[in-house]
Amino acid sequence: MPTQPGLLDRLSRRVVLGAEGYVFELERRGYIKAGPFVPEVVLDYPAALRELHREFLRAGAEVMVALTYYGDREKLKTIGREGDLEALNRQAVRLAKEIAAEGEALVAGNICNTWVYDHNDKQATSKKVRQIYTEQVGWAVDEGVDFIIAETLDYLGEGLLALEVIQEFGLPAMVPFGSAHDRLRDGYSFVEACKIMEQEGAQVVGLNCSRGPATMLPLLQDIRQAVSCYVAAQPVPYRTTPEQFAFQALKEPGHERSFPIALEPFLCTRFEMADFALQACQAGVNYIGICCGGAPHHVRAMAEALGRTTPASRYSPALDLHPMIGAHVKQKDQQFLGFWKDKE
Ligand SMILES: [Zn+2]
């Protein structure tokens, strides 16, 4: 018997704060290769993954997501590690569980876009995708996850397959869509797709990845109006715009593209992510988190914007104590910084 409230229980009471972006963050730290983005860190440097889980937990995340994103059979094949498939999937859940137990966090299994599905070759590719999801969800359930997040899905068809498999295992399903375009690859709008997922029994629908706060929020409002189930939002912390509404499109003048490893000039501050958390909450979003690019300082600011105090809040900013910009700046230091005032 579970000793703590599960996902649906928690969602019925208040916003659940999630946190992802593991792959991008561990790539920045030197434990995952950009390009394939396969989470080899799970097996090769478990201590690094443990630490990031812990940082998100201390920042207020209520869900430890097992790092099995891009940890499926096809992805592992691309780097010649198919033989590590089951070990990687099981170990990812074990690490997430281990750190979740340090707080009162839930553990989510994770499946994602496979790059195998093709709506123009639906029958053959569906079979393969179903096999991929079935083995991954099977291992996650066996290791004891609380629910499954099937995310960054850019086909409704693939989302439906994910949902079917999760339902076969009897766990709650959170199935957010993410697309580099303004609709899904099989032609559905985000709102239509979320409505269909709700009808098919998904407990949580919504969006993750691709869009930053500015271009995800309007869609979330539409989705909230269209469905009565729980809504999730995990944007990327990048300053997407109406013209470049997905982070895959962001680019600096003179550069071909910034995605995925030169996005820093577009990174949102913690304050922007805190604003997003508040706005999403006001819009009736139930599960609020962050995706690729997110880091613990964003998550803590989001938690605090929602009125929470987290373990990491002990070290939240106290800029009034800063020797140059604080409340008690000595005259000599005021004069020193005054150099910049004259330049305004
Ligand atoms: Zn992402």
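## A buried cysteine and the sheet around it

Let's start with C194, which counts as buried because 31 C-beta neighbours sit inside 10 Å of it. Keep in mind as you look around that this is a predicted model. C194 is found in helix α9. Which residues does C194 touch, once its neighbours within four places in sequence are set aside? They are V205, G206, I223, A226 and V227. E82 is another matter: it is 112 residues from C194 along the chain, and the C-alpha atoms of the two are separated by 33 Å.

**Around β6**

Helix α9 covers residues 190-199 and lies across β5 (173-177) and β6 (204-208), running at about 150 degrees to β6. Two of the contacts of C194, V205 and G206, turn up again in the list of β6 residues. How much of β6 is buried? Five of its five residues are, so to speak, under cover. V204, G206 and N208 point one way from the strand, while V205 and L207 point the other way, and all are buried.

On one flank, β5 and β6 pair in the parallel sense over four bridges, with F177 having L207 as its bridge partner in β6. Together, β5, α9 and β6 make a right-handed β-α-β unit. From β6 the chain then crosses through helix α10 (residues 213-226) to β7, and this β-α-β crossover is right-handed. β6 and β7 (residues 230-234) run parallel and are joined by five bridges. Within that pairing, G206 has A232 as its bridge partner in β7. G206 therefore shows up twice, since C194, which counts as buried with 31 C-beta neighbours inside 10 Å, also has G206 among its contacts.

**The whole sheet**

Zooming out, these strands belong to an open sheet of eight, in the order β1-β8-β7-β6-β5-β4-β3-β2, with parallel pairing. Why do β1 (16-17) and β2 (63-65) each have one side without a neighbour in the sheet? Both stand at the edges and have a single partner strand each, so one side is left without a neighbour. As a reminder, strands of a sheet pair through backbone hydrogen bonds, either parallel or antiparallel.

At the β2 edge, the partner is β3 (residues 106-112), paired in the parallel sense over three bridges. V65 stands opposite A108 in β3. A108 is a good residue to click on: leaving out residues up to four places away in sequence, it touches V63, V65, A66, V145, D146, F147, I148 and I149.

**The nonpolar core**

A108 is also one of the residues with the most contacts inside the largest nonpolar core, along with A66, A96, I148, A150, A162 and V175. That core has 111 residues. Which helix gives the most to it? Helix α6 (residues 85-100) does, with eight residues.

**Helix α4**

Helix α4 (residues 46-58) passes a simple length check: at 1.5 Å a residue, its 13 residues should span 18 Å, and its end C-alpha atoms are 18 Å apart, which agrees. Its buried residues are L49, L52, H53, F56, L57 and R58. An α-helix has 3.6 residues a turn, so residues three or four places apart point the same way. The buried residues of α4 pack against α2 (22-28), α3 (41-44), β2, α6 and α12 (296-305). Following α4 comes G60, with a positive phi near 115 degrees.

**Backbone spots to check**

A few more places have backbone angles that you may want to look at in the viewer.

| Residue | Angle |
|---|---|
| Y70 | phi near 60 degrees |
| W115 | phi about 65 degrees |
| F259 to P260 | omega near -5 degrees |

Y70 and W115 have positive phi values without being glycines. Y70 has its place in the loop between β2 and α5 (73-78), and W115 lies in the loop between β3 and α7 (122-143). Are they buried or partly exposed? With 22 C-beta neighbours inside 10 Å, Y70 counts as buried, whereas W115 has 14 and so counts as partly exposed. As for the peptide bond from F259 to P260, it is cis, and P260 lies in the loop between β7 and α11 (270-282).

How values were computed. Residues numbered from 1 in each chain as written. Predicted model: local features only at pLDDT ≥ 70, side-chain atom pairs only at ≥ 80, totals over all residues. Pairing = 2+ DSSP bridges. Contact = placed C-beta atoms within 7 Å. Axes fitted to C-alpha atoms, helices over the stretch in contact; angles between N-to-C directions. Buried ≥ 20, exposed ≤ 12 C-beta atoms within 10 Å, placed from the backbone. Right-handed = clockwise from strand over helix to strand, strands pointing away. Core = buried A, V, L, I, M, F, W, Y, C linked by C-beta atoms within 7 Å. Expected span 1.5 Å × (residues − 1).
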